[in-house]
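Grab a pencil and work through these exercises with the structure open beside you. Try each task before reading its solution.

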Amino acid sequence: MTKQEFLKRYKDENLTIGAEYMMILDKVSDAPLVLGCAFDQGVWKIYKTGERGGHYVIKEKDSEEEAFDYFYQVVLIQNRRYSN
């Protein structure tokens, strides 16, 4: 799915990644507690940051569709953790 399709699905399904996390989809950030997906250095990076900042890449994908399909699965896992 594309970024716009992901955002619509995220809203329509009323998903959440938790009050302490923020989602960043336009750049790779080193801010604390970020879950993100962004195009960086020629690839799409799905990444996460810790409480003290600093990102680590969970997965790299070549296309936006592959990246947001994977990121959606990451968000679903985070949503289940937060909802329980």
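**Exercise 1.** Work out how the strands of the sheet are ordered, and find which of them stand at the edges.

*Solution.* Keep in mind that this is a predicted model. Start by tracing the sheet: it is open, has four strands in the order 1-2-3-4, and its pairing is mixed. Next, look at the two ends. Strand 1 (22-24) and strand 4 (53-61) each have a single partner strand, so one side of each goes without a neighbour in the sheet. Going from one strand to the next, the twist averages 20°.

**Exercise 2.** Find out where K48 sits and whether a salt bridge goes with it or is absent.

*Solution.* First, locate K48: it belongs to strand 3. Strand 3 (residues 43-50) runs antiparallel to strand 4, and seven bridges join the two. Across in strand 4, Y56 stands opposite K48. Now check the charge. K48 is buried but has no salt bridge. A salt bridge needs a side-chain nitrogen within 4 Å of a carboxyl oxygen, and the nearest side chain of opposite charge, E20, is 8.4 Å from K48. Beyond its close sequence neighbours, K48 has contacts that include Y21, Q78 and R81.

**Exercise 3.** Which element gives the largest share of the largest nonpolar core?

*Solution.* Begin with the core itself: it has 19 residues, and F6, C37, F68, F71 and V75 have the most contacts inside it. Then list the elements giving two or more residues: helix 1 (3-12), strand 2, strand 3 and helix 2. Helix 2 gives the largest share, seven residues. Finally, see how helix 2 (residues 64-83) is placed: it lies across strands 1, 2, 3 and 4, at about 20° to strand 3. Among the contacts of C37 are A67, F68 and F71.

Definitions and conventions
Residues are numbered from 1 along each chain as its sequence is written. This is a predicted model: local features need pLDDT of at least 70, side-chain atom pairs count only at pLDDT 80 or more; totals for chains, interfaces and linings use all residues. Side-chain values use heavy atoms; hydrogens and water are left out. Two strands pair if DSSP finds at least two bridges between them. Axes are lines fitted to C-alpha atoms, for helices over the stretch in contact, and angles run from 0 to 180 degrees between N-to-C directions. Contact means heavy atoms within 4.5 Å. Buried means under 20% relative accessible area, exposed over 50%, partly exposed in between (1.4 Å probe, protein chains only). Lys and Arg count as positive and Asp and Glu as negative; His and the chain ends are not counted. A nonpolar core is a set of buried Ala, Val, Leu, Ile, Met, Phe, Trp, Tyr and Cys residues joined through side-chain atoms within 4.5 Å. Lists of a residue's contacts leave out its neighbours within four places in sequence.
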